[in-house]
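Visitor: I'm new here, and I'd like to learn how to read a structure like this one. Could you walk me through a few features?

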Amino acid sequence: VRRSVRVAIVGGGPAGLAAAEELGRRGVDGVVVLERELEAGGVPRHAVHQGFGLRDLHRSLSGPRYAERRRGLAEGANARIECGTAVTGWSADGALELTSPSGREALEAGAVLLATGCRERPRAARLIAGARPAGVMTTGTLQQLVYLHGGRPGRRAVIVGAEHVSFSALATLAHGGAEAVAMLTELPRHQSFAAFRIGAALRYRVPLLTSTTVVAIEGRERVEAVRVRDLDGGGERLLPCDLVVLTANWVPEAELARTGGTEIDAGTQGPAVDASLRTSREGVFAAGNLTGAAETADLAALSGRHAAAAIAAYLQRRSWPAARVPIEYQAPVLWAVPNRVATDAGQPLHRRISMRGGEFQRLRRARVEQGGVTLWSGVLPRIVPGRPARIRAGWLPGVELEQGPLRVGLD
Ligand SMILES: Cc1cc2nc3c(=O)[nH]c(=O)nc-3n(C[C@H](O)[C@H](O)[C@H](O)COP(=O)(O)OP(=O)(O)OC[C@H]3O[C@@H](n4cnc5c(N)ncnc54)[C@H](O)[C@@H]3O)c2cc1C
């Protein structure tokens with residue numbers, strides 16, 4: 001079976017749904033959102049806490065309410081949401097290959113938006129030693145188990161990681177009848193807001209072990225303990241528990257981008273995008289956490305909206321940049337989005353480049369250079385690993401591509 005649409009959006013999370021809404025608002029019809037789950041909405045569907053929608057919908061909603069609202073807005077803008085439909089690859093002539101309960105089909109589209117999100121690295125990708133007992137999961141899996149299926153994950157949990165999402169795992173554990181016995185991070189400090197840490201200490205009385213790494217997971221059928229090492233003193237100890245929650249440590253869900261031949265950025269490990277969220281493949285755009293993992297849901301939605309504006313322009317003019325140069329990074333900068341500069345640059349979302357650093361830093365001067373010439377420099381108040389630091393991008397339209405790659409670093 002083969003059909004064609006004007007725009008195919010892969011992934012019905014905040015980014016994909018917001019893009020669908022914006023395309024409708026701009027008068028683009030024939031928009032289809034392909035979502036492999038049985039319900040669209042993405043991660044917020046199973047994140048029951050409040051705080052979703054602040055910057056895109058200007059209100060604070062729970063995750064499920066936010067997902068519902070985003071679905072309604074996309075449908076209200078005449079987008080067709082096809083759930084239970086996984087995009088599994090690309091055919092030789094560039095169509096998307098879909099698999100759904102009604103079978104397999106090929107979908108041709110005038111433009112494709114990849115909005116497949118990101119996930120937390122599972123245990124295998126973190127190379128944690130020890131046996132392979134049950135009871136090791138990511139926060140995403142924990143949320144689905146507790147909130148979507150009403151399951152009981154375990155009784156005593158060790159949380160690996162100390163980012164925003166790690167603190168949200170505490171509430172999920174409590175909801176599922178489990179207690180957190182420790183939260184640990186290899187870094188010298190947690191990476192979330194002070195209020196979250198204080199709240200967690202008061203409400204859940206969970207100790208935070210900093211500069212601590214997991215050496216091994218112990219247990220035969222079920223987790224029995226986690227062996228940890230103090231990175232400062234070198235001592236090891238056992239933390240008895242029956243559940244290990246691996247939090248953060250995100251990786252973009254970039255399989256489709258990769259098999260579609262779009263260039264992958266070495267820093268983000270998602271498709272390399274310019275300010276208009278165009279990939280290296282004509283007609284293929286990318287938005288949300290696929291392009292840089294992870295931002296909050298409202299920013300993912302705004303990124304989807306930003307891509308929609310570029311898609312609408314592309315459908316009208318059918319022009320694609322002839323050339324682009326990379327934005328490269330120097331440690332401790334790990335990655336930046338956008339990470340390519342194209343001939344007709346345009347401006348990124350909020351006229352800012354979002355970057356991530358790998359170390360805690362305060363009052364450091366960031367510098368963007370091309371061929372030894374400084375294009376921009378400015379002081380960043382602070383850099384926290386895993387949290388965005390944004391640099392102004394007003395200089396972008398003035399970049400001359402012949403001068404070669406750009407470099408972002410800290411003085
Ligand atoms: C545990 C957890 C807690 C969080 N808490 C908060 C919070 O409190 N506040 C906040 O603002 N943000 C929070 N976030 C972040 C927020 O959920 C994300 O920023 C947001 O969901 C990203 O949107 P997205 O559309 O890029 O990706 P996603 O929400 O991940 O959506 C991607 C969608 O694509 C679908 N998909 C992927 N591949 C395919 C394919 N091949 N075919 C078809 N469909 C596909 C997936 O099923 C999914 O529905 C949290 C994230 C996690 C994991």
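Guide: We'll go through the sheet, the cores, the rings and one loop residue.

Guide: First, some ground rules: this is a predicted model, where local features need pLDDT of at least 70, side-chain atom pairs count only at pLDDT 80 or more, and totals for chains, interfaces and linings use all residues. Residues are numbered from 1 along each chain as its sequence is written, and side-chain values use heavy atoms, with hydrogens and water left out.

Visitor: Let's take the open sheet of five strands; what is the order of its strands?

Guide: Strands (E, at least two residues) and helices (H or I, at least four) are DSSP runs, numbered from the N terminus, and two strands pair if DSSP finds at least two bridges between them. Here the order is β21-β19-β26-β23-β24, with mixed pairing. The edge strands, β21 (340-342) and β24 (373-383), each pair on one side only.

Visitor: In what sense do β23 and β26 pair, and over how many bridges?

Guide: Strand β23 (residues 361-370) runs antiparallel to β26 (residues 406-410), over five bridges. With β24, strand β23 pairs in the antiparallel sense over nine bridges. Take R367 as a marker: it stands opposite G409 in β26, while its bridge partner in β24 is S377. Two residues separate β23 and β24 in a hairpin, and G371 in the turn has a positive phi of about 55°.

Visitor: Now the interior. Which residues touch the most other members of the largest nonpolar core?

Guide: In soluble globular proteins, nonpolar side chains tend to be buried together. A nonpolar core is a set of buried Ala, Val, Leu, Ile, Met, Phe, Trp, Tyr and Cys residues joined through side-chain atoms within 4.5 Å. The largest one has 75 residues, and I9, L96, L114, V341, M355 and I391 touch the most other members. Helix α8 gives the most to this core, with eight residues. Apart from it lies another core, of 19 residues, among them M137, L142, A157 and V245.

Visitor: What is L114 in contact with?

Guide: Contact means heavy atoms within 4.5 Å. Setting aside neighbours within four places in sequence, the contacts of L114 include W90, L256, V284, F285 and L290.

Visitor: How many aromatic pairs does the structure hold?

Guide: Rings of Phe, Tyr and Trp (its six-membered ring) pair if their centres lie within 6.5 Å; planes under 30 degrees apart count as stacked, over 60 as edge-to-face and the rest as tilted. There are five such pairs. One is F285 with Y314, edge-to-face at 6.0 Å centre to centre and 65° between the planes. That pair links distant parts of the chain, with F285 in strand β18 (residues 284-286) and Y314 in helix α8 (residues 297-317), 29 residues apart. Y314 also pairs edge-to-face with W320, at 5.2 Å and 80°, so ring pairs link F285, Y314 and W320 into a cluster.Visitor: Why does Y314 count as buried?

Guide: Buried means under 20% relative accessible area, exposed over 50%, and partly exposed in between (1.4 Å probe, protein chains only). Y314 counts as buried because its relative accessibility is 6%.

Visitor: And where does A134 lie?

Guide: A134 is in the loop between β8 (129-130) and β9 (136-138). With a relative accessible area of 41%, A134 is partly exposed. Beyond residues up to four places away in sequence, A134 touches E221, R222 and V223.
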